[in-house]
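Here are some exercises to work through at your own pace. Try each one with the structure open before you read its solution.

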Amino acid sequence: MHKTHTCGELRASHDGIEVTMAGWVNRRRDHGELIFIDLRDRFGLVQLVADPEISPEAHAALKPVRNEWVVKVVGVVRKRPVDMVNPDLSTGEIEVEVREVTILNPAKTPPFLINKEEEVDENVRLKYRYMDLRRPRMAANLKLRHKVVKFIRDYLDEQDFLEVETPILFKTTPEGARDYLVPSRVHPGMVYALPQSPQQLKQMLMVGGIERYFQIARCFRDEDQRGDRQPEFTQLDLEMSFVERDDVMGLLEDMYTKMVAEVVPDKKVLQTPWPRLTYTEALDRFGKDNPDIRYGLELVDLTDLAPGCGFGVFEGAVEKGGHVRGINAKGLGNYSRKQIDALTDYVKQFKAKGLAYIIRTPEGEMRSPIAKFFSEETLAMIQERMGAEDGDLLLFVADKAEIVYESLGRLRVHLAGELGLEDPDVLGFCWVIDFPFGFWDEEEQRWDPSHHLFTSPLPEDLHLLESDTAKVRGTQYDLVLNNNEVAGGSIRIHDQEVQAKVFKLIGLDEDVAAERFGHMLEAFQYGAPPHGGIASGIDRLVMILADEDNIREVIAFPKNQNARDVMADAPTLVEEAQLEALHIQLNLPEVEEEKDMLDLH
RNA sequence: GGUCCUGUGGUGUAGCUUGGUUUAACAUGCCGCCCUGUCAAGGCGGAGAUCGCGGGUUCAAAUCCCGUCGGGACCGCCA
């Protein structure tokens, strides 16, 4: 070992001992004769002092040393005089008097400062990611991520789960997201696909008698990026046999509640046990199936007041079967016309035609372009239902139900941001259950499962599966945390007949189903236990626990929005010989071809 | 595929609206000299940007216009 102690562990009690330390130069303060160096490793910072009267050789050796050089020193721990203690440093009571110096590696001037919290262009950070990882922010995020995963592994191990690895090279399934494909050399023209999730495999493990399985699984989806989406990401994937949905939900709830207490003890879980909302309730109250329950601003249904209310927009929407709903933006009664116009533009992104409003100024005046249409009674009833007081701003959308939910649900989150209602130290976990089993796809003329095609309907709705599909609810459960879906699962179909009916509903021919899922259908004929499970996005979960708003901040080597690795510069063109071995001929769009040719030079 | 935002020394910003006292400013970093108690050390001096790229308008462009490339946010997409 190049070190006897880490840079974070020396205390006053080590006074007088000889130590060997190694790390990176975090900062140097050169007084000419006396040189101070803050030496950094993953465990902390320690002050080295080079005094030419004690060791002229060591002093001379440290003279040329600069930031981020890697050095090893032998020295003696000295307690600092009381007035020179640095209370901001865990090792601030001592310093190390340097006797010998070895330069393990000099370093070029870093592209950005490691020792200073400073916003740096993300492209630069990603190009020099190995430097970025030395900074406290990334180091802390990776440590937190480790702790989360470690807790999960320990907890599930104690609950008799087995961690089983499943293949990365698997079979393409055209359902769901676009697959990443891997061409086969041995089988010309054929491909493997990287798994979008180990869904089928974990169900096969249940047939295999594993009973309790989990995996910290890498998943791949070839879709466009977002702040919370990467082409490859990590899921806690788990599956259990002989369980019902309460068992799976209960397990995850207990595990994450304990995990939060241990890993982020400063954060507070909003409510225990976690609230359970039906899909319908989530939409009615929050406008979305991934609600942020940390604050109010809930949607208020005014649909029943619309007929004959006198305001044509409301009446018309309801006549066409739509809804009228509102939000009381508490305390925004001082909003200007311009600010309200900005809110209107915001909801128009989500296809709302407009945003009606009633202002109650803090002085008790009412201002509204629509109030004049209503009778006194209706106006009073609207305000009463919305709990309106002086100083409030009432906002309304009247439209098709989906548009009302989407626009007000988004507006609610937007307003909460403006009002500063999103407390990062509060974790608003909640379950959303009783999802519709599927949604009718008008274009494709078939049912589209709201979870996936192995999700079992609720047993009590099973008899409606073919007669009244729209009324059937699934066993799906989603775990939502502060506006993010962080887990989703279901009880699976283990009955071939039910599975066959579902395939039919979603428009999968029997022979197509057999080709794609024959292995599963066959397996289910050999004694499949009832089973269910859940998958939880680790990146998203850690992102929230780390107070980051981008998933890239909790991934060591993420890809950018164009799915490029800017450090290694992947993806790249490939040698002709490699393509030949894979029996592949390129058919590039003309413009792309020119661009790629240029890239080669 | 679409909408919006963005690009100025190594890094972070100012300047751009209203073109010309700009020889492009400030902070930090970098280099050199001085300095024995600093911990964001200090003092003095210095180097470093043809303002992403291309074209246009103009007597004159970082600044206005068009195109293009890179980055980001969002929509579509993500069973």
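## Exercise 1: An open sheet

In this predicted model, an open sheet contains five strands in the order S13-S14-S17-S15-S16, paired in the antiparallel sense. Find the edge strands, then describe how S13 is held by its partner and which helix lies across S13.

**Solution.**

1. Look for strands that pair on one side only: these are S13 (299-301) and S16 (366-367), the edge strands.
2. Follow S13 to strand S14 (residues 323-329): the two pair over three bridges, in the antiparallel sense.
3. Pick out one residue pair: Val 300 has Gly 326 in S14 as its bridge partner.
4. Now add the helix. H11 (residues 401-419) lies across S13, S14 and strand S17 (393-399), and runs at about 5° to S14.

## Exercise 2: A lysine in a helix

Locate Lys 202, decide whether Lys 202 is buried or exposed, and list what surrounds this residue.

**Solution.**

1. Start with the secondary structure: Lys 202 belongs to helix H5 (residues 199-207).
2. Check accessibility. Lys 202 has a relative accessible area of 0%, so this residue is buried.
3. Search for a polar partner: the side chains of Lys 202 and Asp 237 make a polar contact at 2.7 Å.
4. Complete the surroundings. Leaving aside residues up to four places away in sequence, Lys 202 touches Tyr 213, Asp 237, Leu 238, Glu 239, Arg 492 and Ile 534.

## Exercise 3: Domains of chain A

Divide chain A into its assigned domains and give the separation of the C-alpha centres of domain 1 and domain 3.

**Solution.**

1. Read the domain assignment: domain 1 covers 12-105, domain 2 covers 138-276 + 430-554, and domain 3 covers 295-421.
2. Take the C-alpha centres of domain 1 and domain 3: they are 64 Å apart.

## Exercise 4: Around the RNA

Describe the protein surroundings of RNA strand B, from the nearest residues to the polar atom pairs and the elements involved.

**Solution.**

1. There are 48 residues around RNA strand B, and Arg 27, Glu 53, Asp 121, Glu 223 and His 451 come nearest.
2. Consider the RNA atoms within 4 Å of the protein: 52% belong to sugar or phosphate, and the rest to bases.
3. Inspect polar side-chain atoms. One of Arg 66 lies 3.3 Å from a phosphate oxygen of RNA strand B, while one of Arg 229 lies 2.9 Å from a base oxygen. In the side chain of Asn 550, an N or O atom is 2.8 Å from a phosphate oxygen.
4. Name the elements giving two or more residues to the surface near RNA strand B: strand S1 (18-30), strand S2 (35-41), helix H2 (122-127) and strand S21 (446-449). The largest share, three residues, comes from S1.

Methods. Residues numbered from 1 in each chain as written. Chains lettered and ligands numbered in written order. Predicted model: local features only at pLDDT ≥ 70, side-chain atom pairs only at ≥ 80, totals over all residues. Heavy atoms only, no water. Helix = DSSP H or I, 4+ residues; strand = E, 2+ residues; numbered from the N terminus. Buried < 20%, exposed > 50% of the residue type's maximum accessible area, 1.4 Å probe, protein only. Polar contact = N/O pair within 3.5 Å; in protein donor to acceptor, adjacent residues only side chain to side chain. Contact = heavy atoms within 4.5 Å. Domains from an automatic or database assignment. Pairing = 2+ DSSP bridges. Axes fitted to C-alpha atoms, helices over the stretch in contact; angles between N-to-C directions. Near = heavy atom within 4 Å.
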